[in-house]
Amino acid sequence: MSFSRHTILLGALLAVLSFSLFAGTALGAQGDPLTELQVEVANGRLDQELLTGLQAGHSVQGLVLLDDSAILQSSESRKRGRGIREDDEIERSVKVQSFGRQKTEALRQAGSGARVLRDYNHFATQFVEFDNPSALLRLLRDPEVRAVRANVIHAPTLLQSLPLVRQPEAAAAGHTGVGASVAIIDTGLDYTNAAFGCTAVATPATCPVVFMQDFAAQDNLLDAHGHGTNVAAITRAVAPGAKLLGLDVFVGGGASAADINAALNW
């Protein structure tokens, strides 16, 4: 009987030790939230900039991108059943509700360490601030969360848009617009913009803006809106050898057919 008691006690001790070892292993597998977030960075689901901020002890702000595929598939199915191709008010409302439920559930996973700064109700996206690594990690464990991205600043650039129209190939073949003139029939053209390098019309000799005229009522402004200047700058980037003609047909926010025809007739 004594042997039996010792056997039972030994078995119980081994069970306790095994449980402790298992629990320690499980905790070790989870590890530090920052370490687990580093894995998410490596997997492409989290931007390094956000992890760096958390490592420094700061709260971070990121765009939470959710998987919207199921919602969009359901939307397409409903539209087919209703015989429509584009979203109407009813369909937009249903999608907004679906996105809202999805976002609420995802944010619930993060707990009190996360709060919405801005919601985009027509998209499966939210701008969220995270106070600590654990809140962000809990959110990323939700399979509906595709990624969390940093709120990066985007600068205007032509590095992507020019290749789309195959401008580099055209320029390499010698087609740069030399000998051509492009009329910018728009809100005007501010030739003092750095994109043109002009101090006045056709001044200096390298200035591409060789003509300016108001066909609408004279407002004494080179470009009251800025749209024409933007169009001219794009034209300059695509065809750097072309001359630019600024034909202003706008008064305030509108251009009359009569003034547009006058510019075309010119």
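In which hand does helix 5 pass helix 6? In this predicted model, the crossing of helix 5 with helix 6 is right-handed. The axes of the two helices approach within 7 Å and cross at roughly 140 degrees. Helix 5 and helix 6 are therefore oblique to each other, since an angle counts as roughly antiparallel when it is over 145 degrees. On the side of helix 5, the contact is formed by Ala106, Leu107, Gln109 and Ala110, and on the side of helix 6 by Ala135, Arg138 and Leu139. By class, the residues of this contact comprise 5 nonpolar, 1 polar and 1 charged.

Helix 5 (residues 89-110) also packs with helix 4 (residues 69-82). Their axes come within 11 Å, with a crossing angle of roughly 160 degrees. Helix 4 and helix 5 are therefore roughly antiparallel to each other, and their crossing is right-handed. From helix 4, the residues Ile71, Leu72, Ser75, Arg78, Lys79 and Arg82 take part; they meet Ile90, Glu91, Val94, Lys95, Ser98, Phe99 and Gln102 of helix 5. This contact of helix 4 with helix 5 contains 5 nonpolar, 3 polar and 5 charged residues.

The description now turns to the sheets. An open sheet is formed by 4 strands in the order 2-3-1-4, with antiparallel pairing. Its edges are occupied by strand 2 (114-120) and strand 4 (145-150), each of which pairs on one side only. On average, and with direction ignored, neighbouring strands of this sheet are turned by 30 degrees against each other. Within the sheet, 6 bridges connect strand 1 (residues 60-66) with strand 3 (residues 125-130) in the antiparallel sense. In this pairing, Gly62 has Val128 of strand 3 as its bridge partner.

Helices lie across the strands of this antiparallel sheet. Helix 6 (residues 133-140), already described as the partner of helix 5 in an oblique crossing, lies across strand 1, strand 2, strand 3 and strand 4. The direction of helix 6 makes about 140 degrees with that of strand 4. Helix 3 (residues 48-55) lies across strand 1, strand 3 and strand 4, and runs at about 140 degrees to strand 1.

Another open sheet consists of 3 strands in the order 5-7-6, and its pairing is parallel. Strand 5 (181-186) and strand 6 each have a single partner strand and stand at the edges, so one side of each lacks a neighbour in the sheet. From one strand to the next, the twist averages 15 degrees. Strand 5 and strand 7 run parallel and are joined by 6 bridges; here Asp186 stands opposite Asp248 in strand 7. Helix 9 packs on this sheet, where it touches strand 5 and strand 7, and its direction makes about 160 degrees with that of strand 5.

The pairing of strand 6 (residues 209-214) with strand 7 (residues 243-248) is likewise parallel and comprises 5 bridges. Gln213 has Leu247 in strand 7 as its bridge partner. Strand 6 and strand 7, together with helix 9 (residues 227-238), make a β-α-β unit that is left-handed.

How values were computed:
Residues are numbered from 1 along each chain as its sequence is written. This is a predicted model: local features need pLDDT of at least 70, side-chain atom pairs count only at pLDDT 80 or more; totals for chains, interfaces and linings use all residues. Side-chain values use heavy atoms; hydrogens and water are left out. Two strands pair if DSSP finds at least two bridges between them. Axes are lines fitted to C-alpha atoms, for helices over the stretch in contact, and angles run from 0 to 180 degrees between N-to-C directions. Contact means heavy atoms within 4.5 Å. A crossover is right-handed if, with the strands pointing away from the viewer, the path from the first strand over the helix to the second runs clockwise. Angles under 35 degrees count as roughly parallel, over 145 as roughly antiparallel, 65 to 115 as roughly perpendicular and the rest as oblique. A crossing is left-handed if the near helix is turned anticlockwise from the far one by less than a right angle, and right-handed if clockwise. Ala, Val, Leu, Ile, Met, Phe, Trp, Tyr, Cys and Pro count as nonpolar, Asp, Glu, Lys and Arg as charged, and the others, Gly among them, as polar.
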